[in-house]
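Let's take a friendly walk through this structure together. Please have the sequence and the 3D view open as you read.

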Amino acid sequence: MEGRRIPRLVPALTLLLISFAFFQIRASEVIFYESFDEPFEGRWVVSEKDDYKGVWKHSKSEGHDDYGLLVSEKARKYAIVNQLHEIVSLKDGTVVLQYEVRLQNGLECGGAYLKYLRPQDVGWKIKEFDNESPYTIMFGPDKCGSTNKVHFIFKHKNPKTGEHMEHHLKYPPSVPYDKLSHVYTAVLKPDNELRILIDGEEKKKSNFLSAEDFEPPLIPPKTIPDPDDKKPEDWDERAKIPDPDAVKPDDWDEDAAMEIVDEDAVKPEGWLDDEPEEIDDPEATKPEDWDDEEDGEFEPPKVDNPKCATATGCGEWKRPMKRNPAYKGKWHAPLIDNPKYKGIWKPQEIPNPDYFELERPEFDPIAAIGIEIWTMQDGILFDNILIASDEKVAETYRETTWKPKFDVEKEKQKEEDKDNDSDGLSSIHKKVFDVLYKIADVPFLDPYKPKILDLIEKAERQPNITVGVLVSIVVIILTFFFKILFGGKKPAADVPEGRSEAAPETSDSQGGGGDNEDENEKEETGAAPRRRSTRRET
């Protein structure tokens, strides 16, 4: 009997061993994890620098039993750091940076990002952590005024100069505007790819070596403008000049007025010359507490004369003004092509002494994780900070730690929306804002992003203007396309030598009239603007 039992145990033991081995492999892929289930003291060190007065608290997320690290006071600077037991290399394999943050009271102006610190200089003390402490990567939300972005900034050491330079991700995604828990993920791949995810959804994909993705680009330009090159004194950049042979016509009167009295005008019938436009209010009485000595003689307020309401006008009639047919404005010589035009001067290019080439970034390792922020809002809750070497691990953590909380918060928000707005308009507004924030993240609209975000935030505060905001954003987008279709550059002229760029440009120097003056001349010779008529001049 005993002999028969042993074979039956073999499959169960085998499955247990496989599960244990799998767990060990997964555990090895988690480089760092902080759940904040236990108080943070002992693992995290609060900065003792004088600037950082904000108080960190170990606190539950609103509506959950889950704990996090809480920003507890408004309008404060905060700094806290966790020194890792092992330095994390970013040079080999995939590295995933992930954490949750909940803006329980919103975020009008402040940051909620993490700093992944590189090894500090000798003598640095962890209690002295501040904004000057060098980092390798800064990642996370930042919002204030026109700034609304999920930062990804990395510092890289130039192998030629030995200096570290910041490189900012271009066109980063926007910060979710609600008060729910959100999880931010940055995936650094060995093929130089960077992916930014919010709530597990990819929002941005870029390449560390691409000049299109980071500003300034990681790899410097091969050539730079020669700082010692000087523009020749005889270099003429004026595309157009006033015609030196042009002569002002004899009949051009520069002193003629733009408007003259219309001598043909006739006073309308029914005009009441002896009636003033305003009269003393007959119903006004002097206040009982009026003191003539202190307040002066009482004068009743003026009201419109009721007799003028049915008349064509009241008071002294004056002839209206009309455009002077003899008016031509100031004379300017017409513009002609400049025979000496050489184009816009540019210094010659020389080899860049700081240029270098890389197959992949030489990231400094991560030695600590810090939160160093200034914020006007309290209620910012950080949770589940993870560094892993596998995307699947990060996904598992999202599904098990973030997703259940988010689903509960989402359902609660839906219920609140129903209570606040029984006809469902509130939920429609939410969907509209979601779409608008996605539109703001479209890369080609980046020059207009601050304006679009400002409009969206105004609509969030005043839902009744949402339609107007939608129209404004559509106008911005149409303006962009019209500029592309009809705002093209002028054809380039032939320019001697390869150093100049033929972008025609006028100058006011040496008596030049310029395109602006030409436009003014067109306006002056057009219909003169009419002054608003009063009731006396009809």
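What follows is a tour that starts with aromatic rings and ends at the surface.

Please keep in mind that this is a predicted model. Let's begin with the rings: the count comes to 16 aromatic pairs. One of them joins F152 and F208, whose ring centres are 6.1 Å apart with 50° between the planes. That angle makes the pair tilted, because the tilted class takes in whatever is neither under 30 degrees nor over 60. Along the chain, the two partners are 56 residues apart, so this pair links distant parts of it: F152 belongs to strand β10 (residues 147–157), and F208 to the loop between β14 (201–207) and β15 (214–215).

Are these two rings buried or exposed? F152 has a relative accessible area of 1%, so it counts as buried. F208 is buried too, with a relative accessibility of 1%.

F208 has another partner in F154. Here the ring centres lie 5.3 Å apart and the planes meet at 90°, an edge-to-face arrangement. F154 is also in strand β10, while F208 is in the loop between β14 and β15, and this pair again links distant parts of the chain, 54 residues apart. With a relative accessibility of 0%, F154 counts as buried.

Now zoom out a little. Which residues form one aromatic cluster? F152, F154 and F208 are among them, together with W56, Y78, Y99, F139, Y184, F214, F363 and F382.

Another ring to look at is that of Y135. K155 lies over its face, at 4.5 Å from the ring centre.

Next, turn to A368, which you will find in strand β26 (residues 366–375). A368 counts as buried because its relative accessibility is 5%, and the limit for buried is under 20%. Which residues does A368 touch, leaving aside those up to four places away in sequence? They are V81, N82, Q83 and L84, along with K115, Y116 and L117. The C-alpha atoms of A368 and I87 are separated by 7.9 Å, although these residues are 281 residues apart along the chain.

Finally, let's visit the surface. V474, L478 and F482 form a nonpolar patch there, and together they have about 280 Å² of accessible area. L478 is placed in helix α6 (residues 466–486). At 43% relative accessibility, L478 counts as partly exposed, because that class lies between buried, under 20%, and exposed, over 50%.

Technical notes. Residues numbered from 1 in each chain as written. Predicted model: local features only at pLDDT ≥ 70, side-chain atom pairs only at ≥ 80, totals over all residues. Heavy atoms only, no water. Phe/Tyr/Trp six-rings, centres within 6.5 Å; stacked < 30°, edge-to-face > 60°. Helix = DSSP H or I, 4+ residues; strand = E, 2+ residues; numbered from the N terminus. Buried < 20%, exposed > 50% of the residue type's maximum accessible area, 1.4 Å probe, protein only. Lys NZ or Arg CZ within 6 Å of the ring centre and 35° of its normal. Contact = heavy atoms within 4.5 Å. Patch = residues over 30% accessible without salt bridge, like charges linked within 9 Å, V, L, I, M, F, W, Y side chains within 5 Å. Areas by Shrake-Rupley, 256 points an atom, 1.4 Å probe, with all protein chains shown as cover. Salt bridge = Lys/Arg side-chain N within 4 Å of Asp/Glu carboxyl O.
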